[in-house]
Amino acid sequence: MLKEILTYPFILLVRFYQTAISPFTPSTCRYSPTCSHYTIEALQKHGLFRGGWLAIKRIFSCHPWGGQGYDPVPEKKK
């Protein structure tokens, strides 16, 4: 429950980006799923700190010399 409370504002920010900003910019994400979908899934699966770290790493690797292709959110370690 605490995880959902902490991640909810950040998920709202990403959803705002997806609906209000992204439609007006060219599609340039090199990955599937897109970086914004990856961020939401990472936050939901791993929580604010680990999911946030995964999202930041993904966003910073999205450049012409970075990776590309299918890159799913890793499963949660047990």
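Helices here are DSSP runs of H or I with at least four residues, numbered from the N terminus. The model shown is predicted.

**Figure 1. A nonpolar surface patch includes L6 of helix 1**. Helix 1 covers residues 2-21, and L6 sits within it. Four residues make up the patch: M1, L2, I5 and L6. Together they offer about 460 Å² of accessible area. L6 is partly exposed, at a relative accessible area of 38%. That value qualifies L6 for a patch, because patch residues need over 30% relative accessible area.

**Figure 2. E4 contacts the backbone of M1**. E4 belongs to helix 1. Its side chain comes to 2.9 Å from the backbone nitrogen of M1. E4 is partly exposed, with 46% relative accessible area. Y70 is 66 residues away from E4 along the chain. The C-alpha atoms of E4 and Y70 are 27 Å apart.

**Figure 3. T7 turns its side chain to the backbone oxygen of K3**. T7 is another residue of helix 1. The contact between the T7 side chain and the K3 backbone oxygen spans 3.0 Å. T7 is buried, with a relative accessible area of 4%. The cut-off for buried is under 20%. L6, the neighbour in the patch view, is partly exposed at 38%.

**Figure 4. Helix 2 bends at G47**. The bend is about 135 degrees. Helix 2 runs over residues 35-60 and has 26 residues. A straight helix would reach 38 Å at 1.5 Å a residue. The end C-alpha atoms of helix 2 are only 10 Å apart.

**Figure 5. E41, K45 and E75 form a salt-bridge network**. The structure holds three salt bridges. One of them joins E41 to K45, with the closest N and O atoms 3.5 Å apart. E41 and K45 are four residues apart in helix 2, so about one helical turn separates them. Residues three or four places apart on an α-helix point the same way, because there are 3.6 residues a turn. E41 is partly exposed at 31% relative accessible area. K45 is also partly exposed, at 24%.

K45 bridges to E75 as well, at 3.1 Å from N to O. K45 lies in helix 2 and E75 in the segment after strand 2 (69-70), so this pair ties together parts that are 30 residues apart in sequence. E75 counts as exposed, at 62% relative accessibility.

**Figure 6. R58 and D71 form a salt bridge**. The closest N and O atoms of the two residues are 3.6 Å apart. R58 lies in helix 2 and D71 in the segment after strand 2, so the pair ties together parts that are 13 residues apart in sequence. How buried or exposed is each partner? D71 is partly exposed, with a relative accessible area of 26%. R58 counts as buried, at 3% relative accessibility. The bridge thus pairs a partly exposed acid, D71, with a buried base, R58.

Key: Residues are numbered from 1 along each chain as its sequence is written. This is a predicted model: local features need pLDDT of at least 70, side-chain atom pairs count only at pLDDT 80 or more; totals for chains, interfaces and linings use all residues. Side-chain values use heavy atoms; hydrogens and water are left out. Patches are made of residues with over 30% relative accessible area and no salt bridge: like charges are joined within 9 Å, nonpolar side chains (Val, Leu, Ile, Met, Phe, Trp, Tyr) within 5 Å. Accessible areas come from the Shrake-Rupley method with a 1.4 Å probe; for residues, only the protein chains shown count as cover. A salt bridge is a side-chain nitrogen of Lys or Arg within 4 Å of a carboxyl oxygen of Asp or Glu. Helices (H or I, at least four residues) and strands (E, at least two) are DSSP runs, numbered from the N terminus. Buried means under 20% relative accessible area, exposed over 50%, partly exposed in between (1.4 Å probe, protein chains only). A polar contact is a pair of N or O atoms within 3.5 Å; within protein, one must be able to donate a hydrogen and the other to accept it, and residues adjacent in sequence count only if both atoms are side-chain atoms. The expected span of a helix is 1.5 Å times one less than its number of residues. The bend at a residue is the angle between axes fitted to the seven residues ending there and the seven starting there.
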